[in-house]
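Hello,

Here is the structure I promised to pass on. Please open it first, then read the notes underneath.

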Amino acid sequence: MNQSSLSISFFRQDVLEVAPQLLGKIVQLKTKAGNRYFFITETEAYCGEEDMGCHCSKGRTTRTEIMYHAGGVYYVYLIYGMYWMLNIVTGKINQPQAVLIRGIKEFDVTTGKVFANYNGPGKTGKVLGINKSLYGTPVLQDNRIKILSHNFQGSTDKIKTAPRVGIDYAEDEWKNKPWRFILS
DNA sequence: TGAGTGATCGTA
DNA sequence: ACGATCACTCAC
């Protein structure tokens, strides 16, 4: 298995480039029992203060501060008191954007066989052991989670788009944007 | 369809 | 200081 990570320049592209390109990318998780391997199956893009579905539509706050950083750091937060959402900041400095990782599948690294599906951002955060300590950590620096630069076999072929989930409070213009990317 | 759960943010 | 809200999940 090629272990090279995605570069910092990848994450500093616009979120609408990064979000679909993250589909199929392999995530390596280091645990006491050894490495576990996943690939990304679903993402969502959140794009700037003008995007009424994005947390940054309310401007710079303690929570959203990290989104104003240049791309390539983690943005995590707790929702509904239970679920840690895993996001990666993208774009340039002061261009607040992030990709939400909404789903991953786990596979056996020797056989290449998929054996578990974690659909939904809450489940994704749980299986990866996300918590607030990851907030602001550079993606390339974290020693527990590595995002590799190559794709799970044959996973890039079919990308579906759909409106984003859970932002019913936003006006139709933003609610309807096809910024949810799904591997099929 | 609604309960569970706690950080965050706007209003005082 | 308080109350409403929330990029969700699971059981019913």
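**DNA strand B**

A backbone N or O atom of Tyr80 sits 2.6 Å from a base oxygen of DNA strand B. Bear in mind that this is a predicted model.

Next to Tyr80 in the list of neighbours are others. DNA strand B is surrounded by Thr61, Arg63, Tyr80, Gly81, Met82 and Tyr83. Gly81 also uses its backbone: an N or O atom there is 3.4 Å from a base nitrogen of DNA strand B. Thr61 goes to the phosphate instead. A polar atom of the Thr61 side chain is 2.4 Å from a phosphate oxygen of DNA strand B. Among the atoms of DNA strand B within 4 Å of the protein, sugar or phosphate make up 41%, and bases make up the rest. The surface near this strand has three nonpolar, two polar and one charged residues.

**DNA strand C**

Which residues are closest to DNA strand C? They are His55, Asn87, Gly122, Gly166 and Tyr169, out of 19 residues that surround the strand. Sugar and phosphate account for 57% of the DNA strand C atoms that come within 4 Å of the protein.

Three side chains are worth a look here:

- Asn87: a side-chain N or O atom is 2.6 Å from a base nitrogen of DNA strand C.
- Tyr169: a polar side-chain atom is 2.9 Å from a phosphate oxygen of DNA strand C.
- Arg102: a side-chain N or O atom is 3.3 Å from a phosphate oxygen of DNA strand C.

β3 (74-79), β4 (83-90), β5 (97-107) and α3 (121-127) each supply at least two residues of the surface near DNA strand C. By class, that surface has eleven nonpolar, six polar and two charged residues.

**Asn87**

Asn87 is found in strand β4. Is Asn87 buried or exposed? Asn87 counts as buried because its relative accessibility is 4%, and the cut-off for buried is under 20%, with protein chains only. Leaving out residues up to four places away in sequence, Asn87 touches Val73, Tyr74, Tyr75, Tyr77, Ala98, Val99 and Leu100.

**Pockets**

The largest pocket has a volume of about 510 Å³. Its lining comes from 27 residues, with His55, Tyr77, Ile79, Val165 and Gly166 nearest the centre. β2 (34-47), β3, β4, β5 and α3 each give two or more residues to that lining. The lining has 16 nonpolar, six polar and five charged residues. Note the overlap with the DNA: His55 and Gly166 are also among the residues closest to DNA strand C.

The second largest pocket holds about 180 Å³ of space. It is lined by 14 residues, and Phe39, Thr41, Lys105, Leu183 and Ser184 lie nearest its centre. Two or more residues each come from β2, β5, β6 (114-119) and β9 (180-183). This lining divides into five nonpolar, seven polar and two charged residues.

**A cavity**

How many cavities of 30 Å³ or more are there? The count comes to one. The largest cavity has a volume of about 60 Å³. Val27, Ile40, Tyr74, Leu86, Ile88, Ile101, Ile104, Leu128, Ile145 and Ile147 line the cavity. By class, these are ten nonpolar, no polar and no charged residues. β4, β5 and β7 (145-151) each supply at least two residues of the lining. Tyr74 is part of this lining, and Tyr74 also touches Asn87.

Best wishes

Key
Residues are numbered from 1 along each chain as its sequence is written. Chains are lettered from A and ligands numbered from 1 in the order in which they are written. This is a predicted model: local features need pLDDT of at least 70, side-chain atom pairs count only at pLDDT 80 or more; totals for chains, interfaces and linings use all residues. Side-chain values use heavy atoms; hydrogens and water are left out. A residue is near a molecule or strand if one of its heavy atoms lies within 4 Å of it. A polar contact is a pair of N or O atoms within 3.5 Å; within protein, one must be able to donate a hydrogen and the other to accept it, and residues adjacent in sequence count only if both atoms are side-chain atoms. Helices (H or I, at least four residues) and strands (E, at least two) are DSSP runs, numbered from the N terminus. Ala, Val, Leu, Ile, Met, Phe, Trp, Tyr, Cys and Pro count as nonpolar, Asp, Glu, Lys and Arg as charged, and the others, Gly among them, as polar. On a 1 Å grid over the protein atoms alone, a cavity is a set of points where a 1.4 Å probe fits but cannot get out, and a pocket is an open set with protein on both sides within 12 Å along at least five of seven lines; lining residues have an atom within 4 Å of a point. Grid points are joined across faces, edges and corners, and a volume is the space filled by probe spheres set on the points. Buried means under 20% relative accessible area, exposed over 50%, partly exposed in between (1.4 Å probe, protein chains only). Contact means heavy atoms within 4.5 Å.
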